[in-house]
Amino acid sequence: MSIKIAGTGSYIPERVLTNADLEKMVDTNNEWIVTRTGISERHIAAENEVTSDMAAAACRKALEAAGVDASEVGAVIVATCTPDYTFPSTAANVHRKLQMSKAFCFDLSAACCGFLSALETGTSLMVANKKYRYVLVVGAEKLSTIVNWEDRSTCVLFGDGAGAILLENVDDGSDSGLIASDMNTDGNWSDILKLPGGGSVNPASHETVDAKLHAIHMQGQETFKLAVNAMVSACRKVEADAGITISEDIKVVVPHQANIRIIQAVAKRLGITEDQVICNINRYGNTSAASVAIGFDEAVRTGKLQRGDLALLASFGSGLVWGAQLVRY
C-alpha cells in the first residue's frame, strides 16, 4: 500500500494589490517592501469571496487533474487560520460546495505550517484505515480579513489564496506520496506571532476591536531567526532519515513563502541552486497555510516537477510549528 498524489490544484483571487497601491494606504514604498520581503504584489479575495470558496475552487482543480469525482472522496482536511466561521468547519462548507456525499471533513489550525500538518494528518488517516481511498488536503486563507492595514510592518506581507492535493490509496507497492517527515512544535515561542483577539483569552468586545487585537501581531526579527534555523534543521533530519542528498536527489524544494531573505538563507544553507527552489512570493506574498500548496501545484503545472520526482516541502509558522516533508510526485 502507498499513498499517491493523484492531483493538485490552486486558486488565486482576481484582485491584485500592488506595492504602489499600498503606498497610498500606509507609510511605505515599493523599494522598502521589495528589498526587505521580495514581494511586489499580492492577491486579495473579493468581499463576498470566503475561505471555503477558494478552498473549493482549488479542490475542483485537483479533482479534475486526477479525473476523480467529488463523490469518491472519503475525507477533506482544510488547513486554515482564517475559517469561514469558528464553527461549523470550513471543510464542511467545502463539502457542501463540492456536493460531496460521504466525506469526513474537518479543519486544522497550524497557521503557516498548516498544509504540511494536514498532509501529515491525511496520510496517517489513510494508512490507518484503507476505507479512505481518496483524501483532499487543502490550505486556504483569506488573510486580508485579519490584517491591520495601518500597520506597515505586517500589512505588506500577506495575501489570499488556496491550494489542494488529492491523495489516493493505491496497492501498487510504489514509493510515492509522503516518504519522510519531521514535524515539530515549541509553544515557548507562541507569543511572537499571533492573533490576540477573538478566543477565550480575549473574547470579542468593543475594547478588543478598538485595540486592533483581531489582527496579526508579529515580532518580525525573532520570527526570521527562528524560521531559518528550524526549517534547515527539519530538512536535514528528513534528508538523514530518507538516506538522500538534498542538493543531488531533490528536483524541487517548495518552502513557505514568508520572506525572500528567509527563502534565500534556507537555500544557501541547504546547498541548493536557485533553479531548485519554487519561489512565487513576489506575486502572491505570504498566503500562510495555502503557501506551500500553491507552490507545489505551480511546480506540477509548469512542468518543473514530473511524475517520479522528489520534492522537499518546508514550512514554519505560529505556534511555533515547523517541519519538512519529502514527497514523491
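Here is a walk through two helix pairs, two empty spaces and a few unusual backbone spots in this predicted model.

Let's start with helix α9, residues 260-270, since several features meet there. Helix α7, which covers residues 220-242, packs against α9 at an angle of about 35°, and their axes lie 10 Å apart. Their crossing is right-handed. On the α7 side, the contact uses F224, A227, V228, N229, M231, V232, C235 and R236, while α9 brings in R261, I262, A265, V266, R269 and L270. Sort those residues by class and you get ten nonpolar, one polar and three charged.

Now look for empty space around α9. What does rolling a probe tell you? With a probe the size of a water molecule, it shows where empty space is left between the atoms. In this model, one cavity reaches 30 Å³ or more, and the space inside the largest cavity comes to about 40 Å³. Its lining is made up of V253, P255, I263, V266, A267, I272, V277 and A314. Two elements, β11 (252-255) and α9, each give two or more residues to that lining, with α9 supplying the largest share, three residues. Which classes line the largest cavity? The count is eight nonpolar residues, with no polar and no charged ones. One of the lining residues, V266, also belongs to the α9 side of the contact with α7, so to speak a shared spot. The second largest pocket is another place to look, and about 200 Å³ of space lies in it. You'll find I260, I263, Q264, A267, K268, I272, T273, E274, V277, C279 and N282 around this pocket. Helix α9 again gives the most, with five residues in the lining of the second largest pocket. By class, this lining has six nonpolar, three polar and two charged residues. If you compare the lists, I263, A267, I272 and V277 turn up in the lining of the second largest pocket and in that of the largest cavity.

Next, move along to the other helix pair. Helix α3 (residues 51-66) and helix α4 (residues 90-97) have axes that come within 9 Å and cross at roughly 55°. How are α3 and α4 set relative to each other? At that angle, they count as oblique. The crossing in which α3 passes α4 is right-handed. T51, S52, D53, A55, A56, C59 and R60 are the α3 residues in this contact, and they meet T90, N93, V94 and K97 of α4. The classes here come out as four nonpolar, four polar and three charged.

Finally, a few backbone details are worth a stop. F87 and P88 are joined by a cis peptide bond, with omega at about 5°. P88 sits in the loop between β4 (75-79) and α4, the helix that α3 crosses. There is also a cis peptide bond between G319 and L320, where omega is about -15°. As for L320, its place is the loop between β12 (310-317) and β13 (321-328). Then there is A111, which has a positive phi of about 50° even though it is not a glycine. You can find A111 in the loop between β5 (104-108) and α5 (114-128).

Technical notes
Residues are numbered from 1 along each chain as its sequence is written. This is a predicted model: local features need pLDDT of at least 70, side-chain atom pairs count only at pLDDT 80 or more; totals for chains, interfaces and linings use all residues. Side-chain values use heavy atoms; hydrogens and water are left out. On a 1 Å grid over the protein atoms alone, a cavity is a set of points where a 1.4 Å probe fits but cannot get out, and a pocket is an open set with protein on both sides within 12 Å along at least five of seven lines; lining residues have an atom within 4 Å of a point. Grid points are joined across faces, edges and corners, and a volume is the space filled by probe spheres set on the points. Helices (H or I, at least four residues) and strands (E, at least two) are DSSP runs, numbered from the N terminus. Ala, Val, Leu, Ile, Met, Phe, Trp, Tyr, Cys and Pro count as nonpolar, Asp, Glu, Lys and Arg as charged, and the others, Gly among them, as polar. Axes are lines fitted to C-alpha atoms, for helices over the stretch in contact, and angles run from 0 to 180 degrees between N-to-C directions. Angles under 35 degrees count as roughly parallel, over 145 as roughly antiparallel, 65 to 115 as roughly perpendicular and the rest as oblique. A crossing is left-handed if the near helix is turned anticlockwise from the far one by less than a right angle, and right-handed if clockwise. Contact means heavy atoms within 4.5 Å.
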